[in-house]
Amino acid sequence: MFQCTVEYPDSTEKDQIMEVTSQPAAFEPRDFHSGLMSCCDDMGVCCCGFFCLACLGCSIASDMNECCCCGLGMPIRSVYRTKYNIPGSMCNDWMVAYCCLGCAACQMKRDINIRKSNGTLKP
């Protein structure tokens, strides 16, 4: 613990204890492991995204310990980017999810699979 002394206007000293906690180790800023249009990198994920996007969404939500009802839109992409320190903005997340939801979902699932294989996926 860190102890600090504060002077008050009436010139009496009072000790206050301030707790200092360390932040958890953050991830280095890094882009997604694969591009938005790199669907052929993992054909299994690509087929799942094409034929059953809702199933892929539930799989992503499950991997992130979120409710399957969270959907695949901008919020879950923003949460994922924030969790892994992936550069971007909420506006960009919205545009990607709105214009190319299937590609965005496949990109997230490929990234999750890569993080699982190298042991950096946070629960």
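This report describes ring pairs, one helix and salt bridges in a predicted model.

Because the model is predicted, local features need pLDDT of at least 70 and side-chain atom pairs count only at pLDDT 80 or more, while totals for chains, interfaces and linings use all residues. Residues are numbered from 1 along each chain as its sequence is written, and side-chain values use heavy atoms, with hydrogens and water left out.

**Aromatic pairs**

A search of the whole structure gives four aromatic pairs. Rings of Phe, Tyr and Trp (its six-membered ring) pair if their centres lie within 6.5 Å; planes under 30 degrees apart count as stacked, over 60 as edge-to-face and the rest as tilted. Phenylalanine 50 and phenylalanine 51 make one edge-to-face pair, with 5.0 Å from centre to centre and 85° between the planes. Phenylalanine 50 is exposed at 66% relative accessibility, and phenylalanine 51 is exposed at 67%. Here, buried means under 20% relative accessible area, exposed over 50%, and partly exposed in between (1.4 Å probe, protein chains only).

The rings of tyrosine 80 and tyrosine 84 form a tilted pair, because their planes stand at 55°, with the centres 4.9 Å apart. Tyrosine 80 has a relative accessible area of 0% and is buried; tyrosine 84, at 2%, is buried. Ring pairs also bring Phe32 into a cluster with Tyr80 and Tyr84.

**Helix H2**

Helices (H or I, at least four residues) and strands (E, at least two) are DSSP runs, numbered from the N terminus. Helix H2 covers residues 53–63, and its residues Leu56, Gly57, Ile60, Ala61 and Asp63 are buried. Viewed down the axis of H2, these buried residues fall within an arc of 160°, so they line one face of the helix. The arc is taken from the directions from the helix axis to the C-beta atoms. Against which helices do the buried residues of H2 pack? They pack against helix H1 (43–51), helix H3 (74–83) and helix H5 (101–118), where contact means heavy atoms within 4.5 Å. Just after H2, asparagine 65 has a positive phi of about 55°.

**Salt bridges**

Side chains of opposite charge can pair when their charged atoms come close. A salt bridge is a side-chain nitrogen of Lys or Arg within 4 Å of a carboxyl oxygen of Asp or Glu. The structure holds five salt bridges, including those in the table.

| Acidic residue | Basic residue | Closest N to O distance |
|---|---|---|
| Aspartate 63 | Lysine 116 | 3.0 Å |
| Aspartate 93 | Arginine 77 | 3.5 Å |
| Aspartate 111 | Arginine 115 | 2.9 Å |

Aspartate 63 is paired with lysine 116 in a salt bridge. Aspartate 63 lies in helix H2 and lysine 116 in helix H5, so this pair ties together parts that are 53 residues apart in sequence. Aspartate 63 is buried at 15% relative accessibility, whereas lysine 116 is partly exposed at 46%.

The salt bridge of aspartate 93 with arginine 77 connects two further helices. Aspartate 93 belongs to helix H4 (residues 90–99) and arginine 77 to helix H3, so the pair ties together parts that are 16 residues apart in sequence. Both aspartate 93 and arginine 77 are buried.

Aspartate 111 and arginine 115 are four residues apart in helix H5, and are therefore separated by about one helical turn. Both aspartate 111 and arginine 115 are buried. Salt bridges with shared partners join Asp63, Lys109 and Lys116 into one network.
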